[in-house]
Amino acid sequence: MFTRRNLIVGSGAALACGGLMPAAGLAASSVSLPEDFASARPDAVKAGPARGNLVAMTFDDGPHPTLTPALLDMLKERRIRATFYVIGRNAARYPDIIKRMVDEGHEIGNHSWSHPFLSRLGSGGVLRELDRTSDAVYKAVQRIPTTLRPPYGALTDRQAHFIAKDREMPTILWSVDPEDWRRPGSSVVASRILNRTGPGAIILTHDIHAPTVRAMPTALDGLLDRGFEFATVSMILGRRDWSKLRWRLPQVADATS
Ligand code: NI
């Protein structure tokens, strides 16, 4: 029953579950997905249902040591929940920011460990990128991401299918892209978001760029003025709120994995 739902995580989980040291650094243990977690279908999505008034803000590539906390303040002030597609090595470096995200109701997604073109990697390489990131998030908050956003959106259909099947992680793309990474300036970022967002939108931005974070008060207040409500990615997909999933801590370290 749990074979496919037991996600492999590395030594961090072994340590977290009671001090079991991995032999030769290779042992892994597993985190069972919560029983109230819905399976990954479809494999990849760009937006939620275009009805109602829900939208999802997503922030990629962080955490950033100063910009992300500033953004978290803006979100908190407006009681907005968002989804952060973190880079694993940044998550490992700033676990306190990951913890703050979770404490304040945000969802954490997987954006790979080192931000490569996953489409150029084989299955083993892809899984290493994803699992290492999940492990870093696990170490910070004892839960793991349940959705993936591939860097550059670069993932083949076959890979998306494989990841949905093997890691129960749907691939989350986006429907609104203000191209903030080109640094067009805060007012352009804000107006692009406001002009292009409709019901069900998944909005792609990056919390590692100062102009993007500076654009947020205008963008967020504008969306609120237009009657939109903010949801995390899991919620916009009709899944259970990620922050409320009932996680079970790993029971055993499986030295043969
Ligand atoms: Ni990215």
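This report describes a nickel site, a pocket, a set of paired strands and one loop residue in a predicted model.

**The nickel ion and its donors**

The nickel ion is coordinated by three residues, namely D61 through OD, H111 through NE2 and H115 through NE2, at distances of 2.0 to 2.1 Å. Along the chain these donors follow the spacing D-x49-H-x3-H, in which 49 positions lie between the aspartate and the histidine that follows, and three between the two histidines. H111 has a relative accessible area of 2% and therefore counts as buried, since buried means under 20%. H115, with a relative accessible area of 17%, is likewise under that cut-off and so is buried.

The table lists the relative accessible area of these two histidines together with that of L245, a loop residue taken up at the end of the report.

| Residue | Relative accessible area | Class |
|---|---|---|
| H111 | 2% | buried |
| H115 | 17% | buried |
| L245 | 6% | buried |

**The second largest pocket**

Two of the nickel donors, D61 and H115, return in the description of a pocket. The second largest pocket holds about 230 Å³ of space, and of the 16 residues that line this pocket, the closest to its centre are D61, H115, Y152, W181 and H206. By character, the lining of the second largest pocket is made up of seven nonpolar, five polar and four charged residues.

**Strand β5 and its neighbours**

Strand β5, which spans residues 83-86, is covered on both faces, with T83 and Y85 buried on one side and F84 and V86 buried on the other. Strand β4, residues 54-60, runs parallel to β5 and is joined to it by three bridges, and within this pairing F59 has F84 of β5 as its bridge partner. Between these two strands the chain passes through helix α2, residues 67-77, and the resulting β-α-β crossover is right-handed.

Strand β5 also pairs with strand β6, residues 107-110, again in the parallel sense and over four bridges. Here F84 stands opposite I108 of β6, so that F84 has a partner in β4, namely F59, as well as one in β6.

**A buried residue in a loop**

Where does L245 lie along the chain? L245 belongs to the loop between α9 (233-236) and β10 (253-254), and its relative accessibility of 6% is why L245 counts as buried. L245 and R143 are separated by 102 residues in sequence, while their C-alpha atoms are 9.1 Å apart in space.

How values were computed: Residues numbered from 1 in each chain as written. Predicted model: local features only at pLDDT ≥ 70, side-chain atom pairs only at ≥ 80, totals over all residues. Heavy atoms only, no water. Donors = N, O, S within 2.8 Å, 3.2 Å for Na, K, Ca; no water. Buried < 20%, exposed > 50% of the residue type's maximum accessible area, 1.4 Å probe, protein only. 1 Å grid on protein atoms, 1.4 Å probe; cavity = no way out; pocket = protein on both sides within 12 Å on 5 of 7 lines; lining within 4 Å. Points joined across faces, edges and corners; volume = space filled by probe spheres on them. Nonpolar A, V, L, I, M, F, W, Y, C, P; charged D, E, K, R; others polar. Pairing = 2+ DSSP bridges. Right-handed = clockwise from strand over helix to strand, strands pointing away.
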